[in-house]
Amino acid sequence: MALNKQTQAIRIQAEKTGEKEHSTPVFLTSSFTFETAEDMRAAFADENDDNIYSRYSNPTVDEFVKKMCMLEGAEAGFATASGMAAVFNSIFALLKAGDHLICCSSVFGSTYALATKFLPRYGIECTLVSANANDEWEAAVQPNTKMIYLETPTNPQLEILDLEWAGDFCKRHQLIFNVDNCFASPILQNPIEFGADIVSHSATKWIDGQGRVLGGVVVGRADLIHDIYMFCRNTGPSMSPFNAWVLTKSLETLDVRMERHCKNALAIASYFENHDKISWLKYPFLPSHPDYAIAKKQMRAGGGILCFELKGGIESGRKFLDALQLLSMTPNLGDTRSIASHPASTTHSKLSEAERLSVGITPGLIRISAGLEYVQDVINDIEQALTSC
Ligand SMILES: *Cc1c(COP(=O)(O)O)cnc(C)c1O
């Protein structure tokens with residue numbers, strides 16, 4: 001029977017214990033036993049897909065990975081202990097010294113550090129290019145370019161990169177197309193439909209969605225995932241079975257949660273769009289967003305994040321955070337609880353203003369991650385906090 005994706009996210013079950021349990025069991029075991037020496041030899045020779053050791057595979061982790069592959073339309077996947085482990089291995093396991101990477105400059109902070117500080121140490125060269133500056137991307141291609149890496153929507157400016165254009169670009173230049181799909185979640189956007197070869201996620205965000213565990217996953221083309229798997233199997237960034245159990249249960253509700261996150265974010269964005277303390281506000285599914293047409297083409301809804309610029313700059317940002325009574329001040333996003341952040345005075349306060357501007361962090365930039373609360377309560381809190389800015 002052909003099943004809809006939402007049904008499969010609820011019903012896929014990798015393995016049962018024999019106890020006829022209804023919910024998913026958690027296989028907390030570091031290794032698996034064999035009946036005979038021959039069985040164990042065959043498992044190590046990759047002649048069957050038996051579980052051997054939980055650094056390589058585990059039934060609970062497999063269930064999470066199977067659901068993620070189904071949701072992204074991917075052939076294979078591997079789950080990691082955090083989103084950064086997924087991002088790092090999706091690049092490092094596929095490139096070698098002498099290879100060149102083209103990376104969008106608007107990427108998650110640790111990814112930026114990876115591309116600019118750490119990969120060059122191992123002889124992997126990286127060129128940063130601006131989001132949607134198609135000429136810059138074309139000009140960056142070198143004979144040794146192997147991969148492009150991007151996120152969309154970007155953090156924190158919510159730029160939308162055109163996945164269809166990027167897919168075509170990679171085909172023309174025969175490059176591996178690597179996308180971090182964390183901000184959209186697999187419910188709102190599937191980069192593989194636009195030609196992506198590799199999709200990574202921080203499962204810590206919307207996928208858990210309840211602020212409990214760290215996790216990551218890489219899915220994509222079977223040949224590339226095999227190389228990533230062999231690298232990870234020997235280097236050990238594997239996801240713990242317990243975290244996989246939390247996350248596979250989370251996937252059962254991701255669709256309904258994203259629907260409400262998006263509805264709340266749109267309501268908040270629409271309410272504050274023309275507020276007199278705000279110079280601009282961005283939400284991908286508001287027609288005022290500069291990349292609205294691209295967002296409409298590749299996303300099913302606008303996502304749970306919006307951002308705006310306070311007219312009063314950096315001092316107003318600090319006052320805004322201090323005046324909040326309901327929204328949380330925490331360096332995370334994608335939670336049932338709404339979160340506000342002011343990068344210029346907190347996460348990015350160590351950078352100079354010029355450095356901040358180069359990564360899209362303007363002085364009064366506030367990012368809101370819309371939770372699942374009754375939305376009028378969230379709007380009321382933002383409104384009262386704005387009066388003190
Ligand atoms: C949080 C985040 C990551 C890193 O994920 P962790 O689980 O914190 O390691 C990577 N990319 C994006 C877009 C993120 O928001």
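Modeller: Buried means under 20% relative accessible area, exposed over 50% and partly exposed in between, with a 1.4 Å probe and protein chains only. This is a predicted model, where local features need pLDDT of at least 70, side-chain atom pairs count only at pLDDT 80 or more, and totals for chains, interfaces and linings use all residues. Residues are numbered from 1 along each chain as its sequence is written, and side-chain values use heavy atoms, with hydrogens and water left out.

Colleague: Good, then let's start with β9. What makes strand β9 mostly covered?

Modeller: Six of the six residues in β9 (305-310) are buried. On one side these are Ile 305, Cys 307 and Glu 309, and on the other Leu 306, Phe 308 and Leu 310, so both faces are covered by the cut-off for buried. The strand itself is a DSSP run of E, at least two residues long, while helices are runs of H or I of at least four, both numbered from the N terminus.

Colleague: Which strands does β9 pair with, and how many bridges join them?

Modeller: Two strands pair if DSSP finds at least two bridges between them. β8 (278-282) is joined to β9 by four bridges, running antiparallel, and β11 (365-369) is joined to β9 by five, also antiparallel. Trp 280 has Glu 309 as its bridge partner, while Phe 308 stands opposite Ile 366 and Cys 307 opposite Arg 367.

Colleague: Why do β8 and β10 stand at the edges?

Modeller: The open sheet has four strands in the order β8-β9-β11-β10, with antiparallel pairing. β8 and β10 (339-341) each have a single partner strand, so one side of each has no neighbour in the sheet. On average, neighbouring strands are turned by 20 degrees against each other, direction ignored.

Colleague: On to the helices. Why is α4 called roughly parallel to α5?

Modeller: Axes are lines fitted to C-alpha atoms, for helices over the stretch in contact, and angles run from 0 to 180 degrees between N-to-C directions. The axes of α4 (83-92) and α5 (109-118) come within 10 Å and cross at roughly 30 degrees. Angles under 35 degrees count as roughly parallel, over 145 as roughly antiparallel, 65 to 115 as roughly perpendicular and the rest as oblique. α4 is therefore roughly parallel to α5.

Colleague: And which residues of α4 and α5 make the contact?

Modeller: With contact meaning heavy atoms within 4.5 Å, α4 brings Met 84, Val 87, Phe 88 and Ile 91, and α5 brings Ser 110, Thr 111 and Leu 114.

Colleague: What makes α4 and α9 oblique instead?

Modeller: The axes of α4 and α9 (222-235) come within 9 Å and cross at roughly 120 degrees. That value falls among the rest, so the pair is oblique. Here Asn 89, Ser 90 and Phe 92 of α4 meet Ile 228, Phe 231, Cys 232 and Thr 235 of α9.

Colleague: Two single residues to finish. Does Ser 202 count as buried or exposed, and what about Arg 121?

Modeller: Ser 202, in strand β6 (198-202), has 12% relative accessibility and so counts as buried. Not counting residues up to four places away in sequence, Ser 202 touches Gly 83, Cys 182 and Gly 215. Arg 121 sits in the loop between α5 and β3 (125-129), and its 61% makes it exposed.
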